[in-house]
Amino acid sequence: MQPMYPVKNTRVTQITADITTVAQIISVADVSVFPAPPNYVTIGTDNGAEVIFYAGIDVPSNALTGCLRGQSGTLPATWEAGSDIYHAWTADTANNIMGNVRANDEAIAQTAEALGTHNHDGAHSQKIDYANIHGTPGKLYRQCFTGSATLLAANWAATPEGRFAQTITVTGMTATMGANVFVADADWQKISQNGAKTECMADGITIYTADLPTDAVEVTYEVWEVVQ
C-alpha cells in the first residue's frame with residue numbers, strides 16, 4: 001500500500017526567510033495552516049511551483065522540518081521571504097489513493113474467490129455471498145450458519161457453577177467458530193444483564209444464564225468462522 005496523508009482545506013501563508021535549493025527547514029508566518037506531518041506543501045504556482053515533503057512541524061518556531069525538496073516531479077528552487085506557501089492536492093496524493101483502492105479491491109476479490117471453494121465441514125463446498133464476508137482489523141470472517149430456536153423453560157439444566165444452561169443444536173458447527181445470539185424478548189434482556197453468556201461447541205451453541213427463565217424464549221443466531 002502507498003502512503004496516504006491527512007489533508008486540510010488550502011490556506012496560504014508565507015515563508016519568512018529566504019531558502020536555498022537544499023534547505024531542510026522552512027520558516028513560515030503561520031504553521032497552523034498545514035496538516036499534521038508527514039505531508040506536502042507547495043511554493044509557487046503553475047510550472048514553476050515546487051512541491052516539498054516535510055517530516056515534522058516545529059510549532060514554537062513556526063517551521064517545517066525534515067524537508068525533502070523537489071517532490072512530485074518538481075525541481076528544487078530558491079525562494080525569497082514573502083513567497084506564498086500552501087498545502088495543495090498533488091498528483092502523487094491522488095495516484096496513491098487510487099492505487100490503494102485498486103489494490104484493496106483486488107485483495108477482496110481474491111479472498112472472495114478463495115472462499116467460494118472453502119469446505120467448512122470437510123465434505124461440501126459452499127459459495128459465500130460477498131455480503132456475508134465481514135472484516136475486522138487483522139481478521140476476516142465468513143457467515144457459516146443462521147437460524148432460529150425456541151428455548152423452552154423446562155429444558156434449562158442446572159450447572160455445577162450454580163448457573164442454568166441450554167444448548168441450541170447447530171449441525172456442522174465446531175468449537176472454533178463464533179456465534180451471536182439475538183433475542184427481542186424484554187424478560188430475556190433482563191436475564192442477559194444478569195450474566196447470560198454463550199459458548200460455542202461441536203454441533204451447537206450453549207447459552208448460560210444466572211437466573212432461571214420461567215417462559216419460552218424465541219432466539220435467532222448466526223455463526224461465524226475466521227478464514228484469514
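Which residue forms a salt bridge with Glu50? In this predicted model, the partner is Arg69, and the closest N and O atoms of the pair are 2.7 Å apart. The link runs between distant parts of the chain, with Arg69 in strand E7 (residues 68-71) and Glu50 in strand E4 (residues 50-54), 19 residues apart. Both ends of this bridge, Arg69 and Glu50, are buried.

The structure holds two salt bridges. Besides the Arg69 pair, the side chains of Arg11 and Asp30 come together at 4.0 Å, N to O. Arg11 sits in the segment before E1, while Asp30 belongs to the loop between strand E2 (26-27) and strand E3 (39-43), so this bridge ties together parts that are 19 residues apart in sequence. Here the two ends are partly exposed: Arg11 has a relative accessibility of 47%, and Asp30 comes in at 28%.

Asp30 also turns up in the surroundings of Thr13. Thr13 is part of strand E1 (residues 12-14), and a polar atom of the Thr13 side chain lies 3.1 Å from the backbone nitrogen of Asp30. With neighbours within four places in sequence set aside, Thr13 is in contact with Val28, Ala29, Asp30, Val33 and Phe34, and also with Ser83, Asp84 and Ile85. Thr13 counts as buried because its relative accessibility is 4%, which falls under the 20% cut-off.

A second threonine worth a look is Thr90, placed in the loop between strand E8 (84-86) and helix H1 (91-115). Although it is a loop residue, Thr90 is buried, with a relative accessible area of 8%. Not counting residues up to four places away in sequence, Thr90 touches Val51 and Ser72. Thr90 and Val41 are 49 residues apart in sequence, yet their C-alpha atoms are 9.2 Å apart in space.

On the nonpolar side, the largest core has 18 residues, and those touching the most other members are Phe145, Leu151, Ile168, Val170, Met173, Ile205 and Val223. At least two residues of this core come from each of strand E10 (139-151), strand E12 (164-169), strand E15 (204-209) and strand E16 (217-226). Another core, of 16 residues, lies apart from it and includes Val31, Phe34, Cys67 and Ile85. Two of those named members, Phe34 and Ile85, are among the contacts of Thr13.

Now for the strands. One open sheet has three of them in the order E2-E6-E5, with antiparallel pairing. E2 and strand E5 (56-58) stand at the edges with a single partner strand each, so one side of each is left without a neighbour in the sheet. E5 and strand E6 (residues 63-65) run antiparallel and are joined by three bridges. Asp58 has Ala63 of E6 as its bridge partner.

Taken over the whole chain, there are two helices and 16 strands. Of the 228 residues, 36% are buried. Among contacts between residues at least 6 apart in sequence, 63% join residues at least 24 apart. The chain exposes about 13000 Å², and 52% of that area is supplied by carbon and sulfur atoms.

How values were computed:
Residues are numbered from 1 along each chain as its sequence is written. This is a predicted model: local features need pLDDT of at least 70, side-chain atom pairs count only at pLDDT 80 or more; totals for chains, interfaces and linings use all residues. Side-chain values use heavy atoms; hydrogens and water are left out. A nonpolar core is a set of buried Ala, Val, Leu, Ile, Met, Phe, Trp, Tyr and Cys residues joined through side-chain atoms within 4.5 Å. Buried means under 20% relative accessible area, exposed over 50%, partly exposed in between (1.4 Å probe, protein chains only). Helices (H or I, at least four residues) and strands (E, at least two) are DSSP runs, numbered from the N terminus. Contact means heavy atoms within 4.5 Å. A polar contact is a pair of N or O atoms within 3.5 Å; within protein, one must be able to donate a hydrogen and the other to accept it, and residues adjacent in sequence count only if both atoms are side-chain atoms. Two strands pair if DSSP finds at least two bridges between them. Accessible areas come from the Shrake-Rupley method with a 1.4 Å probe; for residues, only the protein chains shown count as cover.
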